[in-house]
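Colleague: I'd like to know where the labels in this kind of picture come from. Show me the structure, then I'll quiz you.

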Amino acid sequence: MTGFGAMALVGFYAALAPSILAQQLDVTNHAEAGGLFFELSIVAIVATTRLSSRATMLAALVLMIPTVALIVAAQVFASMAVMIAGTALCGVAAAFGYRGGLQVVNQLAPAGRRAEVVSAFFVCCFCGNALPVIGIGVLSSWTSATTASLAFAGMITVFSLVALGFGAKYVR
């Protein structure tokens, strides 16, 4: 669930960041935001190698909520500072969710079937990634971009809360 959610968050960011940067913030160099996202993701993955997969996955789920709030706020208020904060948090949340989820999959997969199980994990993750990209595109053609953003921010928030509920309920 966390891998799906983390990649849905990345898809949400990918669907909104270019238009927020270009339309609300008048920034044409998307490499700046991409560079920040990439650097923070790598640092978060490397810095948390000693944390348990459970801790990183729960942290990812918690961080998803303020991340979507910051990204939508950056869109609504046309704030570069808020966009930078949202980008930073998104990079960390995505890294935590991806690393924690992949670690669990590798631990649970039988040795002889690990490649198959990890491939299935990636398919689930990339389905999560595609959902907001396609959904925001379709929904914004029927409504405003802000309404589409709010709808998917709400969906990611609800998803995170449900996954956190499962995480709390099914403690080892």
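**Values against cut-offs**

Colleague: Why does Ala8 count as buried?

Modeller: Ala8 has 7% relative accessibility. Buried means under 20% relative accessible area, exposed means over 50%, and partly exposed is in between (1.4 Å probe, protein chains only). So with 7%, Ala8 counts as buried. The place of Ala8 is in helix H1. Helices here are DSSP runs (H or I, at least four residues; strands are E, at least two), numbered from the N terminus.

Before you go on: this is a predicted model, where local features need pLDDT of at least 70 and side-chain atom pairs count only at pLDDT 80 or more, while totals for chains, interfaces and linings use all residues. Residues are numbered from 1 along each chain as its sequence is written, and side-chain values use heavy atoms, with hydrogens and water left out.

Colleague: Which residues does Ala8 touch, not counting residues up to four places away in sequence?

Modeller: Gly128, Asn129, Pro132 and Ile156. A contact is heavy atoms within 4.5 Å. Leu9 is found in helix H1 too, and at 0% relative accessibility it counts as buried. Leaving aside neighbours within four places in sequence, Leu9 is in contact with Met64, Thr67, Val68, Cys90, Ala93 and Ile156.

Colleague: How do you know that the span of H1 agrees with what it should be?

Modeller: The expected span of a helix is 1.5 Å times one less than its number of residues. For the 23 residues of H1 that gives 33 Å, and its end C-alpha atoms are 31 Å apart, which agrees. H1 isn't straight all along, though: it bends by about 35° at Leu16, and Pro18 follows within four residues. That bend is the angle between axes fitted to the seven residues ending there and the seven starting there.

Colleague: What about H5: how far does it reach from its first C-alpha to its last?

Modeller: H5 (residues 114-142) reaches 42 Å over 29 residues, close to the 42 Å expected. Its buried residues, among them Val118, Phe121 and Pro132, pack against helix H1 (2-24), helix H4 (80-108) and helix H6 (145-169).

Colleague: What makes Tyr98 and Phe122 an aromatic pair, and why is it called stacked?

Modeller: Rings of Phe, Tyr and Trp (its six-membered ring) pair if their centres lie within 6.5 Å; planes under 30 degrees apart count as stacked, over 60 as edge-to-face and the rest as tilted. Tyr98 and Phe122 are 6.3 Å centre to centre with 15° between the planes, so they pair and count as stacked. Tyr98 lies in H4 and Phe122 in H5, so the pair ties together parts that are 24 residues apart in sequence.

Colleague: Why is Phe122 called partly exposed?

Modeller: Phe122 has 28% relative accessibility, so it counts as partly exposed. Tyr98 gets that label as well, with 29%. Phe122 also pairs with Phe121, at 5.9 Å centre to centre and 55° between the planes; that angle is neither under 30 nor over 60, so the pair counts as tilted. Phe121 is buried, with 11%. Tyr98, Phe121 and Phe122 form one aromatic cluster.

Colleague: What makes a nonpolar core?

Modeller: It's a set of buried Ala, Val, Leu, Ile, Met, Phe, Trp, Tyr and Cys residues joined through side-chain atoms within 4.5 Å. The largest one has 40 residues, and Phe12, Tyr13 and Met83 touch the most other members. H1 gives the largest share of this core, 10 residues. Leaving aside neighbours within four places in sequence, the contacts of Phe12 include Val68, Pro132, Phe152 and Ile156.

Colleague: Which element has the lowest mean pLDDT?

Modeller: pLDDT is the predictor's confidence in each residue, from 0 to 100. H2 has the lowest mean among the elements, 74, and H3 the highest, 94. The mean for the protein chain is 88, and 97% of its residues reach 70 or more.
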